[in-house]
Amino acid sequence: MTLTSVELIPRDAETLLRDANEVARLFPDAGMINIPDLLRFPLRSWEAARLVRPVFSRVVPHIRAIDIAPDAPLPGADDPGLREVLVVKGDPPSDLRHRTYPNSSESVIARYRREAPHLDVYAAFDPYRRAPYQEMEAIARKKEAGAIGFFTQPIFDLPMLDLCMNWLHGENVFWGISPVVGPKSRSYWETTNHVIFPHGFEPTLEANITFARQMMDVVASAGGNTYLMPLRVNLERYLTPLRRDLDVSV
């Protein structure tokens with residue numbers, strides 16, 4: 001059975017709980033919430049996971065590998081209700097006072113497997129930032145360290161999806177989908193994540209909803225999972241047309 005997760009930003013406890021309840025009301029297809037760890041907000045992802053669990057039993061906090069001191073406890077390892085985490089390397093902080101450590105994703109994944117074997121650990125897959133052979137070598141290392149599956153960076157066209165599905169054939173994958181609405185949003189993905197958008201890409205909400213439907217259908221037909229990253233869009237306008245139980249035209 002395929003699963004759909006929705007990524008929510010932990011700006012603060014009140015906003016996060018409001019958004020989680022909105023997702024539960026608007027998008028019953030969501031079986032999971034995943035929460036990034038963003039240093040510009042004081043609420044950490046694993047703390048946010050505890051807050052959201054009364055609304056969604058499955059919550060996956062993102063863990064930044066470079067933030068974890070070698071002798072520090074693993075985030076979320078002592079939370080009896082937590083079932084799974086997603087380990088990402090983490091971008092360098094803009095605030096140089098924030099201390100980081102020379103950890104790789106693989107080293108922190110291995111620590112979770114040793115010190116918190118009750119947790120399932122996911123890793124990241126990004127087809128845009130480096131050469132494909134380098135990314136696939138990293139995938140092999142993450143699997144060897146103990147990762148049981150992968151969350152991808154958002155994919156923005158079906159040919160790229162088809163290519164990546166071949167690369168990750170047989171793996172447990174959550175395929176990322178994110179709306180890109182307006183030139184500033186498009187510039188962010190191109191500049192920060194090195195995304196190359198397909199010719200004719202339309203940064204409108206309607207076009208993004210149409211593509212999200214198509215991508216969800218392709219992934220579901222292959223037995224895979226998806227996660228939606230509704231950045232800077234109204235949850236109702238974006239999620240409602242994607243419900244499987246409704247025939248909503250946009």
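At what angle do helix H3 and H4 pack, and how far apart are their axes? In this predicted model, the angle between H3 (residues 105-115) and H4 is about 20 degrees, and the axes lie 8 Å apart. Angles under 35 degrees count as roughly parallel, so H3 is roughly parallel to H4. The crossing of these two helices is right-handed.

Let's see who takes part. On the H3 side, the contact is made by Ser-105, Glu-106, Ile-109, Ala-110 and Arg-113, and on the H4 side by Ala-138, Arg-141, Lys-142 and Ala-145. Sorted by character, the residues of this contact comprise 4 nonpolar, 1 polar and 4 charged.

Helix H4 spans residues 132-145, and Glu-137 is one of its residues. Is Glu-137 buried or exposed? The answer is in between: Glu-137 is partly exposed, because its relative accessible area is 43%. Between the C-alpha atoms of Glu-137 and Arg-114 there are 22 Å, and these two residues are 23 residues apart along the chain.

Now for another pair of helices, H1 and H2. Their axes come within 10 Å and cross at roughly 50 degrees, which means that H1 is oblique to H2. The crossing of H1 and H2 is right-handed. Helix H1 contributes Ala-13, Leu-16, Leu-17 and Ala-20 to the contact, while H2 contributes Ala-48, Leu-51 and Val-52. The residues that make this contact are 7 nonpolar, with no polar and no charged ones.

Here are the two pairs side by side.

| Helix pair | Angle between axes | Distance between axes |
|---|---|---|
| H1 and H2 | roughly 50 degrees | within 10 Å |
| H3 and H4 | about 20 degrees | 8 Å |

Let's stay with H2 for a moment. Which residues of helix H2 (residues 45-52) are buried? They are Ser-45, Ala-48, Ala-49 and Val-52. These buried residues are on the same side of H2, because they cover an arc of only 110 degrees around the axis. Among the elements that cover them are helix H1 (13-26), strand E2 (30-35) and strand E3 (59-64). Two of the residues already met in the contact with H1, Ala-48 and Val-52, are also on the list of buried residues of H2.

Key: Residues are numbered from 1 along each chain as its sequence is written. This is a predicted model: local features need pLDDT of at least 70, side-chain atom pairs count only at pLDDT 80 or more; totals for chains, interfaces and linings use all residues. Side-chain values use heavy atoms; hydrogens and water are left out. Buried means under 20% relative accessible area, exposed over 50%, partly exposed in between (1.4 Å probe, protein chains only). Helices (H or I, at least four residues) and strands (E, at least two) are DSSP runs, numbered from the N terminus. The arc is that of the directions from the helix axis to the C-beta atoms. Contact means heavy atoms within 4.5 Å. Axes are lines fitted to C-alpha atoms, for helices over the stretch in contact, and angles run from 0 to 180 degrees between N-to-C directions. Angles under 35 degrees count as roughly parallel, over 145 as roughly antiparallel, 65 to 115 as roughly perpendicular and the rest as oblique. A crossing is left-handed if the near helix is turned anticlockwise from the far one by less than a right angle, and right-handed if clockwise. Ala, Val, Leu, Ile, Met, Phe, Trp, Tyr, Cys and Pro count as nonpolar, Asp, Glu, Lys and Arg as charged, and the others, Gly among them, as polar.
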